[in-house]
Amino acid sequence: MKRSINKAAVLGSGIMGSRIACHLANVGVQVILLDIVPRELTEQELEKGLTLEHSKVRNRIVTDSFTTAVKSKPAPLYHQHQADLVSLGNFEDDMSQISDCDWIIEVVVENLDIKKKVFEQVEKHRTAGTLITSNTSGIPIHMMLDGRSEDFQRNFCGTHFFNPPRYLKLLEIIPTEKTDPAVIDFFMEYGDKFLGKTTVLCKDTPAFIANRVGIYGILKVVKTMEELDLTIDEVDKLTGPVIGRPKSATFRTSDVVGLDTLIKVANNLYQGLEHDEARDVFKLPDAVRKLEEKNWLGDKTKQGFYKKTKDENGKTKILTLDLKSMEYKPKAKAKFTTLEGTKSIDTVKDRFKVLLAGNDKAGEFYRHSFFGLFQYVSNRIPEIADELYRIDDAICAGFGWEVGAFETWDQVGVQQVLPEMEKLGYRPNQWVYDMVEAGHESFYQVENGQVKYYDTITKSYKEIAGRGDLIILDHLRAGSTVWENNEASLFDLGDGVLNLEFHSKMNTMGAGVIEGINKAINLAEQDFQGLIIGNQAANFSAGANLGVLFMYAIEQEYEEVDMMIRQFQNTVARARFSGIPVVVAPHGLTLGGGCELTMHGDAVQAAAETYIGLVEVGAGVIPGGGGTKELTMRVSDRMQSGDVEYNALQNTFMNIATAKVATSAEKARDLDILRPQDQISINKDRQIGDAKRAVLALAQAGYTKPTPRTDIKVQGRGGMALFLAGINGMKMGKYISDHDAKIAHKLAYIMCGGDLSYPTEVSEQYLLDLEREAFLSLTGERKTLERIQSILTTGKPLRN
């Protein structure tokens, strides 16, 4: 049976239900979101004379929930207009609308009896063959099937999203013994290719995979912390980005998610895991129980492990809870010799050997927490998953880990750490010893660019299902690198396509990246069909290397600055004016020069989660790598005449002047940064593969090198007069500083084409020259240098 999802019903509009509805709308699915009917009127409804039978009252719960979701931050929608795909209703009046839905997902309260009642109603209206799933996070899936029809049972499984559904990549698929295998296959593929998820097949065991292992990991950290007499600040320092975990680490994450959620899952696991060898780990520590008693549950109660307050000057301060005294104290800086030893190690995977070998308290902490984790996951095979990679996939996608448990074990040496694990009381499962004794030294290995995992059943390495068409650059590094320097690497992806990867700090664009772009285009023009500029780091590029610019500017070496700008402009322009198609693949932060490079690709294959914009004004300059020119040209292309033209130009001017950043690839279209023909990859893991197909399509269509434009209409003095009036008004009203006004004046001068008497058509090079002159003049300003210095030292622009 060929399936597709065009319309879905989401039953339950709470925090998860409303946000799942939003994410389905993100990918173009029409959604009907339903919830219960209120049993009492609010004071406002009474004042308006409404009754319980009024449609606004009957849909109040679902309306309020969805409205709250749409307004929440981080935004659940890629773009506000996608809210139009979601229609609202209630279980009593609108359940019949599920009859033409392709997928019905239940997201009501975690109560088995309530879920069964909802499913009874679903059975009355559901069309045979329709997919039906539950988003439960803890109730056994098979227990929901009592009294359900055979067709319902065949098409039913668990689909467990993690909150927030737009941003967390995990989607756990939990079948029952009665689920049609074709339904499982469909959701595994649909979640991956259409919802952008890492889909993980789970067994119907308590908390499935991610929460089972993740909650164990958190509570093991807490117990180890108590045993070693560490503080909250120290543990969050040890369990954050240094080991590839989120900045919020352990305790800040708990505050954000809500301690009540952690407590609920932990209690359920402790009660349900009578035969788990690590059951005692799930028993809540006394400190956590005290927090629960005091109702200090994190952000939702304004205090938890951390508390935000203000000092006598009104400045925000973060206080940390002392778990011994249960009093909040000023946040303390944590320092460990072991951590100092990793400062020069950029790659997270390469740090683990150093961290676990530490001779201080940090090293001891890492050995206990990681060895305990290694033991625990080895004992979960085959209980929660038959394949070990599913555990790593789930914990990485659900908890934001860069490196999974088995992958981490590989990094420190599976066999090498066994003696110390045994010594500390963390002997792993026997299958690990069998694997090592058979001569297999790792859980994963890479062959011909494809990763394979050790299969405990066949005692051999197997390819990971569904990954055959994924392009993972790390797996190509050993055998497919064509050229590299210390900031960039060039890979041969096969079929005549090259990929240029940046790997400078934050992927900033300095001399090494500039050299890489030019080298990549030169080689591609000689021997290849096309080029992708893309990487698989957390962010595409934070922009130009401000450190080099600051050094030249502070020394007043303006000829060097001028040469830098010319070189940058010429390099960015080559992405468009070369003999081969160039596809740029932005994702994550794509700022300043990274945005300018993106706009100059022949095509763009953006990740859905791309946060892109021209932010140079924050550094006291204007976009000088072709960004101002490019947006001016795009406004010229789509506008007709008169006031509309001025308005469009003014909107674009304001986007640059306020350093506006699009919060999704869809929103980047509103800013003219992405064009209508540019494509979006919902699943970032598939972005390079999608970009490769785009390159080949352009090449096979008979790619022709473009010629620079000479027909860009600019407004001249008439446009300048309007801009200057607005700039002066903002300055007089003290909305902007004198330096902001100076930057705005120069930006307007470029976008209006300089000192021209009337609207005129100019060339791209003409606008680039104006860009370069303005950029160069601003680097000589003291306030610009102060802003750049602030960004380099604090990461934030100075408002001066």
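User: Why is Gln556 called exposed?

Analyst: Exposed means over 50% relative accessible area. Gln556 has 58% relative accessibility, so it counts as exposed. This is a predicted model, and the values are computed from it. Gln556 is found in the loop between helix H23 (546–554) and helix H24 (558–574).

User: What makes the phi of Gln556 worth a remark?

Analyst: Its sign. Phi of Gln556 is near 55°, a positive value, and the residue is not a glycine. Most residues other than glycine have a negative phi.

User: Which other non-glycine residue has a positive phi?

Analyst: Met506 is one of them, with a phi of about 55°. Met506 sits in the loop between strand S17 (497–502) and helix H22 (511–527).

User: Why is Met506 called partly exposed?

Analyst: Buried needs under 20%, exposed needs over 50%, and partly exposed is in between. The relative accessible area of Met506 is 43%, so Met506 is partly exposed.

User: How do you know whether Tyr758 is buried or exposed?

Analyst: Set its value against the cut-off. Exposed requires over 50%. Tyr758 has a relative accessible area of 55%, so it is exposed. Tyr758 lies in the loop between helix H31 (738–751) and strand S26 (760–762).

User: What is Tyr758 in contact with, beyond its neighbours within four places in sequence?

Analyst: Gln715 and Gly716. A contact needs heavy atoms within 4.5 Å. The C-alpha atoms of Tyr758 and Gly718 are 6.8 Å apart, with their positions 40 residues apart in sequence.

User: How do you know that Thr136 counts as buried or exposed?

Analyst: Its relative accessible area is 0%. Buried means under 20%, so Thr136 is buried. The residue belongs to the loop between strand S5 (131–134) and helix H7 (150–154).

User: What is Thr136 in contact with, leaving aside neighbours within four places in sequence?

Analyst: Glu110, Lys115, Ile141, Met144, His160 and Phe208. As for Thr250, its C-alpha is 24 Å from that of Thr136, and the two are 114 residues apart in sequence.

User: Why does Met16 count as buried?

Analyst: The cut-off is under 20%. Met16 has 17% relative accessibility, so it counts as buried. Met16 lies in helix H1 (residues 15–26). Beyond neighbours within four places in sequence, Met16 is in contact with Val107, Asn135, Phe161, Phe162, Asn163 and Pro165. The C-alpha of Ala266, 250 residues away along the chain, is 20 Å from that of Met16.

User: Asn163 is on that list. What makes its peptide bond to Pro164 cis?

Analyst: Omega is near 0° for the bond from Asn163 to Pro164, and that bond is cis. Most peptide bonds are trans. Pro164 is placed in the loop between strand S6 (156–161) and strand S7 (170–175).

User: Which bond at Pro74 is cis?

Analyst: The one joining Lys73 and Pro74, where omega is about 0°. Pro74 lies in the loop between helix H4 (60–71) and strand S3 (86–90).

User: How many disulfides does a search of the whole structure find?

Analyst: Zero. A disulfide is a covalent bond between the sulfur atoms of two cysteines.

User: Why does Cys101 have no bond to Cys22?

Analyst: Distance. A disulfide requires sulfur atoms within 2.5 Å. The closest cysteine sulfur to that of Cys101 is in Cys22, 16 Å away, so it is too far for a bond. Cys101 is also buried, at 3% relative accessibility.

User: And why does Cys396 have no bond to Cys202?

Analyst: The argument runs along similar lines. The closest cysteine sulfur to that of Cys396 is in Cys202, 14 Å away, so it is too far for a bond. Cys396 has a relative accessible area of 19%. The buried class is under 20%, so Cys396 is buried.

User: How many helices and strands does the protein chain have?

Analyst: There are 33 helices and 26 strands.

User: What makes the protein chain as compact as a globular protein of its length?

Analyst: Its radius of gyration is 28 Å, close to the 28 Å that the globule rule gives for 800 residues, so it is as compact as a globular protein of that length. Its C-alpha atoms fill a box of roughly 80 × 70 × 65 Å along the principal axes. Buried residues make up 55% of the 800.

User: Which share of contacts between residues at least 6 apart joins residues at least 24 apart?

Analyst: The share is 69%.

Terms used
Residues numbered from 1 in each chain as written. Predicted model: local features only at pLDDT ≥ 70, side-chain atom pairs only at ≥ 80, totals over all residues. Heavy atoms only, no water. Helix = DSSP H or I, 4+ residues; strand = E, 2+ residues; numbered from the N terminus. Rg over C-alpha atoms; globule rule 2.2 N^0.38 Å. Buried < 20%, exposed > 50% of the residue type's maximum accessible area, 1.4 Å probe, protein only.
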